[in-house]
Amino acid sequence: MTHATTDATHPRTTHRAAHGTTHPAFAIEADGLRRGYTGGFEAVRGISFTVPRGEIFALLGTNGAGKTSTVELLEGLAAPSAGTARVLGHDPYRERTAVRPRIGVMLQEGGFPSELTVAETVRMWAGCTSNARPAAEALDATGLGGREQVRVKQLSGGERRRLDLALALLGRPEVLFLDEPTTGLDAEGRRDTWDLVRALRDGGTTVLLTTHYLEEAEILADRLAIMHRGQIVLTGTPAEVTAARPARIRFTLPAGVPAARLPLHLRAAEDGGRVEIRTGHLQDDLAALLGWAHDHDVRLHGLDARAASLEEAFLDIAAAADTVTEAPTPQPEADR
Ligand SMILES: Nc1ncnc2c1ncn2[C@@H]1O[C@H](COP(=O)(O)OP(=O)(O)OP(=O)(O)O)[C@@H](O)[C@H]1O
């Protein structure tokens with residue numbers, strides 16, 4: 001189940017622009033990144049991936065998988081214990097002064113002074129930002145237009161997330177890091193944020209986001225990587241990640257009709273009359289099932305047929321990765 005973490009589809013190259021300066025092909029490059037914490041715990045265990053300019057890349061993973069630890073390395077907030085990080089062609093930690101003005105960072109906790117109003121907070125932040133957008137533009141883009149005079153402590157959780165995003169956008173970043181950008185937002189706020197992130201991508205911004213909402217990654221990400229216990233276990237487009245997974249048909253058979261009566265090729269799991277069929281041929285098997293039900297005058301209660309979602313892929317991967325990790329194979333020395 002574990003897949004290669006290097007991205008063969010994007011060779012490591014640089015483009016030389018007409019005016020002579022080099023532009024790295026990738027906005028973000030992680031190569032063999034590791035991060036150990038004091039006490040010896042290694043949260044990031046040798047991960048590699050690349051994000052081309054103008055792409056939305058989602059980093060997914062179980063709790064404690066190492067997403068935030070990874071993003072902090074790319075933001076230049078910490079140095080890796082091994083491997084290299086590159087953002088816009090620079091080491092984000094050692095060359096922080098070159099990288100910082102060109103990136104926008106939305107942390108999980110913004111932590112802004114709660115007594116300031118929204119307008120004061122944006123002004124304060126704009127004062128530390130070169131070439132800042134007009135405050136009204138950033139606030140309108142995040143749905144906070146009209147809330148300028150409200151104190152930060154009076155904002156709802158969702159409004160604080162929007163303010164965090166407005167501040168991350170203020171410096172017109174080329175690369176935007178969003179750590180769980182829609183946590184605490186209602187359905188409408190989440191959709192607004194997705195529209196805004198897409199619009200930024202369409203304008204050329206590269207976006208790296210972490211999220212616990214698999215639907216968010218499925219809808220928004222051009223490509224994604226799933227992390228588990230400090231490693232990337234799968235990477236690809238959402239369609240690639242789900243393509244190899246079986247679709248699912250679920251229904252309940254009437255009392256007295258056992259699943260054993262189903263056409264033989266429909267391999268079904270039955271649990272008290274509730275039947276689940278997993279299939280790589282959804283259309284053919286659904287047609288066979290409906291034909292059988294019609295011929296035998298059987299009603300399929302609660303019939304539900306759906307293609308594999310990222311959620312199923314994620315759960316399968318987490319379960320398979322656990323199996324791999326729990327196997328009694330000794331870890332290589334470098335992973336300790
Ligand atoms: N300062 C620290 N010292 C020691 N261990 C840490 C430190 N910060 C994080 N960790 C550990 O590193 C692991 C990865 O944490 P991290 O926050 O990167 O995961 P995550 O994937 O972002 O998790 P979540 O989805 O829960 O936010 C966790 O086991 C966490 O407890």
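Start at the ligand: select Y37, G39, F41, A43, G61, N63, G64, A65, G66, K67, T68 and S69, and you have the residues that surround it. Keep in mind that this is a predicted model. Colour that selection by class, and the shell around the ligand splits into four nonpolar, seven polar and one charged residues. Which element gives the largest share of this shell? It is α1, with three residues.

**Stop 1: the sheet beside α1**

Select residues 26-36 for strand β3, then add β4 (42-52) and β6 (82-87). Together the three strands make an open sheet in the order β4-β3-β6, paired antiparallel. The edges belong to β4 and β6, each of which pairs on one side only. Looking along the sheet, you will find neighbouring strands turned against each other by 15° on average, direction ignored. Now bring in helix α1, residues 67-74, which packs on this sheet and touches β3, β4 and β6. The helix direction makes about 120° with that of β3.

**Stop 2: the two seams of β3**

Stay with β3 and go through its partners one at a time.

- Towards β4, the antiparallel pairing runs over eight bridges. Select F26 and you will see P52 of β4 standing opposite.
- Towards β6, the pairing is again antiparallel, over five bridges. Here E29 is the residue to click, with R86 of β6 opposite.

Next, follow the chain from β3 into β4. How many residues lie between the two strands of this hairpin? There are five, and G39 in the turn has a positive phi of about 105°. You have already met G39, one of the residues around the ligand.

**Stop 3: zoom out to the domains**

Colour the protein chain by its domain assignment: residues 25-242 are domain 1 and residues 246-307 are domain 2. Place a marker at the C-alpha centre of each domain, and the distance between the centres of domain 1 and domain 2 reads 43 Å.

**Stop 4: the four-stranded sheet**

Show β13, β14, β12 and β15 next; in that order they form an open antiparallel sheet of four strands. Why is one side of β13 and of β15 (301-306) left without a neighbour in the sheet? Both stand at the edges and each has a single partner strand, so one side of each stays unpaired there. The twist from one strand to the next averages 15°.

Begin at the β13 edge. Strand β13 covers residues 268-271 and strand β14 covers 274-279, and four bridges pair them in the antiparallel sense. Select E270 to find V275 of β14 opposite. These two strands form a hairpin with two residues between them, and the turn includes G272, which has a positive phi of about 60°.

Then cross to the other edge, where strand β12, residues 247-252, joins β15 through four bridges, the two running antiparallel. R248 makes a good landmark: its bridge partner in β15 is R306.

**Stop 5: helix α9**

Finish by selecting residues 282-295, which make up helix α9. From first C-alpha to last, its 14 residues reach 20 Å, close to the 20 Å expected at 1.5 Å a residue. Turn the view until the helix sits over the strands: α9 lies across β12, β14 and β15, at about 20° to β12. For a last click, go to D297 just after α9, where the phi is positive at about 55°.

Note on methods. Residues are numbered from 1 along each chain as its sequence is written. This is a predicted model: local features need pLDDT of at least 70, side-chain atom pairs count only at pLDDT 80 or more; totals for chains, interfaces and linings use all residues. Two strands pair if DSSP finds at least two bridges between them. Axes are lines fitted to C-alpha atoms, for helices over the stretch in contact, and angles run from 0 to 180 degrees between N-to-C directions. Two residues are in contact if their C-beta atoms, placed from the backbone, lie within 7 Å. A residue is near a molecule or strand if its C-beta atom, placed from the backbone, lies within 6 Å of it. Ala, Val, Leu, Ile, Met, Phe, Trp, Tyr, Cys and Pro count as nonpolar, Asp, Glu, Lys and Arg as charged, and the others, Gly among them, as polar. Domain bounds come from an automatic or database domain assignment. The expected span of a helix is 1.5 Å times one less than its number of residues.
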